[in-house]
Amino acid sequence: MKTYLYPKLLAVLIAFMCTWQGNATVLTAQQTKGDSIPKLENPFSRRYLQQNLRKSHPRLVLNASIERDLRKKIKSDPVVKNMYEAIKLNAAPIHNKPLLERIQIGKRLLSVSREMLYRVNMLGMVYRMEKDPTVLKRLNDELVAVCNFKDWNPSHYLDVAEMSLAVALALDWTMGDLPKTTEELAIQSLIEKGIKPSWPKNGKNPSWAYGNNNWNQVCNGGMIAASIAIAEREPELAAKTISRALDGIPHSLVEYMPDGVYPEGSTYWGYGTGFSVITIAMLESAFGKDFGHSDYPGFKESALFRVLSIAPSGWYFNFSDCGDQRGVNGDATLAWFASKTGNKAFFEKERFLMPVDQMSKLGRLDGSALVWISQYREKEDIQLPSSWKGEGANPVVIFTGESNDPHQYYFGGKGGRGSVNHGNMDGGSFIFELNGVRWVVDPGNQDYNELEQNGFDLWGKCQECERWTLLTKNNFGHSTLTVNDELHRVDGLATIKDFKNGDNPEATFELTPAFHGLLKSAQRKFRKDSPVSLTVEDMIEASDSAKLITWQLMTTADVELTKEGAILRQDNKSLKIENLSHPGLSMSVISLDPAPLKLDRQITGLKRIELRIPTWTIENNKTSIRVRLAEN
């Protein structure tokens, strides 16, 4: 095997526009600054807040009516009862843990904020249900500890937002039961350490307030929670903060349009959407309405994206900065969508009923999630589609087998561009599973802190930015095409050109923008041509500057090269790769274990299979590359 190094990066950066046609009240939504997007209802003023905010506590996620129903469900509903037992099991060890300290890791206090949010969700829900004074004392001690931090790290506002949500929930769920000194400390901390730093002295809005990524959802949600908690003390500040949030949140929700694909990948769907649903729950419990949040175009549709992003193996279709595998616990965020739609496909009942000692540590919002788990009423059991496409900033297509498919067929292909939030240069890439084995892999995400601690610029999106030197981020680490051993164009948006359902679904991606100046045209067609095979066909017209076209496939399987292509072997199973279009050219294998750079994610057994086609062998600069992956 030979080792492959990257070529010199090129410089290009062009703006991106994505247009959506909506209903009569919303004409277009564009993701460029200043363009109109669908808005939420926003009546907030000091007067509206004071007239419409629920006066009694609790009013964040819980209120008196919701709490009564929840208590009944804990006694009568096996799922709710089991999840409450899991919450109690998670809450018990917290009493013996040290109180939190302000320990920053790199530029983040986020792990501390998240631990506080977890502790409040576990302890707080137990306290609401049982009013145990021992639990109240621990909540008091936790609040005093974090509220005495010098700050909540406003330079990285996610830290402030998650801490604000934690403190607001703890204050609200114990209101009137804590010592007055603790209540006062918590209120002042939410004002001084939470909300006020979100209003910069220069009068400008922070970038997250109107951003189009998960920071918007998390930070605006945290500020809404804090504002509701301190509304009686600072009604003017609370009203203007909630108003800004309702104006800003659509700039992140527009990313779900039109079909629910979350551009940042499935695990970031869990993060951003988790904070969206708790924000909705807080608005509903405090004001009786969510101001149009849950009915935003594409938002509810994203539940289907989430479900379809999980392959039979338990691995995600892990594009963008997505994690590799789902956890064993039931998906509490997805359960919110089940509670709103009644769709059984979104309610992971068997996982919620798992013996509590077999569950992993619960999520930091799972105490709150007990509310919407209790609100689920089955209305329908919609069969999941076996072929699906989702348009948007990072379009995807997914093919699966039918229910109980003995071959466990799973294919995910995507378009998109590098400069999307948490995006990679992976337009045209795909993953493929068959018979329980992931044969074609995506290298996935890697640890941010390690990169940042080494001074690595992970977040720049220009053509020459350092992000694209990483194997997980550039096109050399993905199963796509590469021309002249160069990077994809960072702003070159690959879109879905055609999609066909049926027993043999197929999808064609328009890849030309990713190869601007190198290829006159490039389309990639994926076709499920049998229950155990996939054909990938690339229709290419090269420009005079194109010298070499490389077809790539990423795998961790063992590879045996053959005259016809290659055979992959893994877990006592095999898959053949057939080079149907260029029998005169042989495939080669490039070892990526170890990966080229020390800071690259190191993946055991990772390798890239290549079919390298010199353009001088192509007649009239036009060719079709056809490769078939099939059960061996």
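Q: What volume does the second largest cavity have in this structure?
A: Its volume is about 40 Å³. Please keep in mind that you are looking at a predicted model.

Q: Why is this space called a cavity rather than a pocket?
A: The word cavity is used because a 1.4 Å probe fits there but cannot get out, whereas a pocket is an open set of points. The structure holds two cavities of 30 Å³ or more. At about 40 Å³, the second largest one meets that limit.

Q: Which residues line the second largest cavity?
A: The lining includes Gly416, Arg417 and Gly418, then Asn424, Met425, Asp426 and Gly427. His488, Arg489, Gly492 and Ala514 are also part of the lining.

Q: What makes up this lining by class?
A: There are two nonpolar, six polar and three charged residues. Glycine counts as polar under the definition used here, so Gly416 and Gly418 belong to the polar group.

Q: How do you know that Glu115 and Arg119 form a salt bridge?
A: Their closest N and O atoms are 2.8 Å apart. A salt bridge requires a Lys or Arg side-chain nitrogen within 4 Å of a carboxyl oxygen of Asp or Glu, so the pair qualifies. As a general point, side chains of opposite charge can pair when their charged atoms come close.

Q: Where do Glu115 and Arg119 lie?
A: Both are in helix H4 (residues 110-130). They are four residues apart, about one turn of the helix.

Q: Why is Glu115 called buried?
A: Its relative accessibility is 14%. Buried means under 20%, so Glu115 counts as buried. Arg119 has a value of 5%, so Arg119 counts as buried by that limit too.

Q: Which residues are joined with Glu115 and Arg119 into one network of salt bridges?
A: Lys97, Arg138, Glu142 and Lys361 are joined with them, through salt bridges that share partners. A search of the whole structure finds 44 salt bridges.

Q: What makes Glu391 and Lys389 a salt bridge?
A: The closest N and O atoms of this pair are 3.2 Å apart. The cut-off is 4 Å, so the pair counts.

Q: Why are Glu391 and Lys389 described by the term they get for accessibility?
A: Glu391 has 23% relative accessibility, and Lys389 has a relative accessible area of 28%. Partly exposed covers values between 20% and 50%, so Glu391 is partly exposed, and so is Lys389.

Q: What does the salt bridge between Glu506 and Arg527 tie together?
A: The side chains of Glu506 and Arg527 meet at 3.2 Å, N to O. Glu506 lies in strand E8 (residues 506-510) and Arg527 in strand E9 (residues 519-530), so the pair ties together parts that are 21 residues apart in sequence. Glu506 is buried, with a relative accessible area of 11%, while Arg527 is partly exposed at 32%.

Q: Where is Thr512, and how do you know whether it is buried or exposed?
A: Thr512 sits in the loop between E8 and E9. Its relative accessible area is 17%, which is under 20%, so Thr512 is buried.

Q: Which residues does Thr512 touch, leaving out those up to four places away in sequence?
A: Thr512 touches Leu519, Lys520, Ser521, Ala522 and Gln523.

Q: What is the volume of the second largest pocket, and which residues are closest to its centre?
A: The pocket has a volume of about 1200 Å³. Of its 37 lining residues, Val307, Ile310, Ala345, Glu348 and Leu384 are the closest to the centre. The lining divides into 18 nonpolar, eight polar and eleven charged residues.

Q: What makes Ser320 and Asn404 worth a look in the backbone?
A: Ser320 has a positive phi of about 55° although it is not a glycine. Asn404, also a residue other than glycine, has a positive phi near 60°.

Q: Why is Ser320 called buried and Asn404 exposed?
A: Ser320 has a relative accessible area of 0%, under the 20% limit, so it is buried. Asn404 stands at 77%, over the 50% limit, so Asn404 counts as exposed. Ser320 lies in the loop between H12 and helix H13 (332-341), and Asn404 in the loop between strand E2 (396-400) and strand E3 (410-414).

Q: Which residues does a cis peptide bond join with omega about 0°?
A: His57 and Pro58 are joined by that bond. Pro58 has its place in the loop between helix H1 (46-52) and helix H2 (64-76).

Key:
Residues numbered from 1 in each chain as written. Predicted model: local features only at pLDDT ≥ 70, side-chain atom pairs only at ≥ 80, totals over all residues. Heavy atoms only, no water. 1 Å grid on protein atoms, 1.4 Å probe; cavity = no way out; pocket = protein on both sides within 12 Å on 5 of 7 lines; lining within 4 Å. Points joined across faces, edges and corners; volume = space filled by probe spheres on them. Helix = DSSP H or I, 4+ residues; strand = E, 2+ residues; numbered from the N terminus. Buried < 20%, exposed > 50% of the residue type's maximum accessible area, 1.4 Å probe, protein only. Contact = heavy atoms within 4.5 Å.
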